[in-house]
Amino acid sequence: MGTDTVEQPATVVASHAYTPTRTGLLIIGASQSGVQLAVSLRALGFDEHITLLGDEDHRPYQRPALSKEFLQGTVESESLIFRSNEYWDEHNVALVKGEHIARIDKEADGSGVAYASSGREFPFKRLALTVGARARKLEIDGGGLDGVLYLRNADDALALKARVGDATDVVVIGGGFIGLEAASSLQKMGKNVTVLEFGTRLVGRAVGEETADYFLQAHRSRGLDIRLNTSAARFVAGDDGTSVAAVELQNGEVLPAQIVLVGIGVIPNTQLAEQLGLAVDNGIMVDRFALASDGTTVAIGDCANMPNPVPGSEPGERIRLESVNNAIEHAKVAAYSLTGRREEYAGIPWFWSNQADLKLQIAGLCNGYDQTVVRNDVERGKFTVLYYRQGQIIAADCVNAPLDFMAVKNALAKGRNIPANAAADTATQLKTITTDS
């Protein structure tokens, strides 16, 4: 995605002329976290040369819109670009596109050389891994047919967008955020959409039962065909033998589909970390300062497994967060580490997902809750679930309820509470009943 628009990917060119001399910091991964790391370092006065390297032929861009506004054609590609070429030039950052790093040799002091598949070499003083995650593949018969798609990056979005016009029927496999966002977008574009979810409820990893049920009923009432406890047995080819034409379910039912969109989660990219001998377990293991096990490499964003930053977490509890907010906040922590400061990640995780006219905002993590309070304002279309553990607010799912979201987010950040016995009244603004814990 760039000045030449996402529909016409640019030839691989660096916005700042690449030099073979050793860069002060090599950031591998031109992701949200990689961009934020470079920006934060400059804000902190880090003045050494930075190389920001990505394996896509697009300038760094925002991903959340790919399943919504970009797919629907309501935003232009240029509006998704993080920073202009002039910004990188002015801030002494070499933006390198379309280079895949195959191997890294690193010394004990943190310096080394990264070797690209193209043969180029990138010497560095310090290394940052912001390599993100990749889409988890569905390994069933017919998985390689034309029209079986995933949605993780800009090229995936382009491939999907190019096929939408000729499609009538779409099957989305996976009832998580990406699947439901894309399904809602495709339905809005006039497609017959069926969502297959293997589990017993939607968005099972992120929300509780009340919120999952709310989304199930809301999407069904808006015309989405959602099948729970359902999985695909195989993808069926059309007359040409190469393109998908249908999805056969485990129960033998066959659903027509000119597009199958698979959204069953992601796998953190740990290949380079493993090659370097870094500790890896569901991501690259880092400490509270975003430092990997070698003590010099930083790893941040979707690829990093870090100590749970939520106040009150159990000692030793770790987590890998996939969100824009985490990418930004974790990058700031890493920037401090690279400039010699030690600032722990102290933010409250929050997430969002826009599905049709349903605007979900999540504050905190609901893991381990023992009580919920539901605020369902049917008349105004607002729905909130508050999660408690031993009487203390720990999280909230808020649908079309931004004031509830902000009240909980602020309470969590300040270590305050929202008493459960007073929170159920939808006429009560949560910020007015927030108390000291």
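This is a short walk through one structure: its annotated domain, salt bridges, a small sheet, a pocket and a cavity.

Keep in mind that this is a predicted model.

Let's start with the annotation. UniProt, in an unreviewed entry, places the feature "domain: Reductase C-terminal" at residues 350–433. In the model, that span is 19% helix and 45% strand. Its end C-alpha atoms lie 21 Å apart.

Now the salt bridges. The structure holds 20 of them. I'll pick out three.

First up, Glu322 and Arg205. Their side chains meet in a salt bridge, with 3.8 Å from N to O. What does this pair tie together? Look at the loops. Glu322 sits in the loop between strand 20, residues 318–319, and helix 8, residues 324–338. Arg205 sits in the loop between strand 10, residues 192–196, and helix 6, residues 209–221. So the pair ties together parts that are 117 residues apart in sequence. As for accessibility, Glu322 is partly exposed, at a relative accessible area of 30%. Arg205 is exposed, at 74%.

Next, Asp225 and Arg227. They form a salt bridge too, and the closest N and O atoms are 3.0 Å apart. Asp225 is partly exposed, with a relative accessible area of 29%.

Then Arg380 and Asp377. Here the side chains meet at 2.6 Å, N to O. Is each partner buried or exposed? Arg380 is exposed, with a relative accessible area of 55%. Asp377 has 12% relative accessibility, so Asp377 counts as buried; the cut-off is under 20%.

Back to Glu322 for a moment. Salt bridges that share partners join Arg205, Arg320 and Glu322 into one network.

On to the sheet. This is an open sheet of three strands, in the order 17-19-20, with mixed pairing. Which strands stand at the edges? Strand 17, residues 284–285, and strand 20. Each has a single partner strand, so one side of each is left without a neighbour in the sheet. Strand 17 pairs with strand 19, residues 304–307, in the parallel sense over two bridges. Take Ile284 as a handle: its bridge partner in strand 19 is Ala304.

Now for empty space. I'll begin with the second largest pocket. The volume of this pocket is about 410 Å³. It is lined by 22 residues. Lying nearest the centre are Leu403, Asp404, Gln429, Leu430 and Lys431. Which elements give two or more residues to the lining? They are strand 23, residues 371–377, strand 24, residues 382–389, and helix 9, residues 402–413. Helix 9 gives the largest share, seven residues. By class, the lining has nine nonpolar, five polar and eight charged residues.

Last, the closed space. How many cavities of 30 Å³ or more are there? The count is one. The largest cavity holds about 40 Å³ of space. Its lining is Asp287, Arg288, Met306, Pro307, Pro309, His330 and Tyr345. By class, those are four nonpolar, one polar and two charged residues. Met306 and Pro307 are in that lining, and strand 19 covers residues 304–307. His330 lines the cavity as well, and helix 8 covers residues 324–338.

To recap the main points. The Glu322 and Arg205 pair ties together parts 117 residues apart in sequence. Helix 9 gives the largest share of the lining of the second largest pocket. And the cavity lining includes Met306 and His330.

Methods. Residues are numbered from 1 along each chain as its sequence is written. This is a predicted model: local features need pLDDT of at least 70, side-chain atom pairs count only at pLDDT 80 or more; totals for chains, interfaces and linings use all residues. Side-chain values use heavy atoms; hydrogens and water are left out. UniProt positions are given in the numbering used here, feature names are shortened, and annotations may be inferred rather than shown by experiment. Helices (H or I, at least four residues) and strands (E, at least two) are DSSP runs, numbered from the N terminus. A salt bridge is a side-chain nitrogen of Lys or Arg within 4 Å of a carboxyl oxygen of Asp or Glu. Buried means under 20% relative accessible area, exposed over 50%, partly exposed in between (1.4 Å probe, protein chains only). On a 1 Å grid over the protein atoms alone, a cavity is a set of points where a 1.4 Å probe fits but cannot get out, and a pocket is an open set with protein on both sides within 12 Å along at least five of seven lines; lining residues have an atom within 4 Å of a point. Grid points are joined across faces, edges and corners, and a volume is the space filled by probe spheres set on the points. Ala, Val, Leu, Ile, Met, Phe, Trp, Tyr, Cys and Pro count as nonpolar, Asp, Glu, Lys and Arg as charged, and the others, Gly among them, as polar. Two strands pair if DSSP finds at least two bridges between them.
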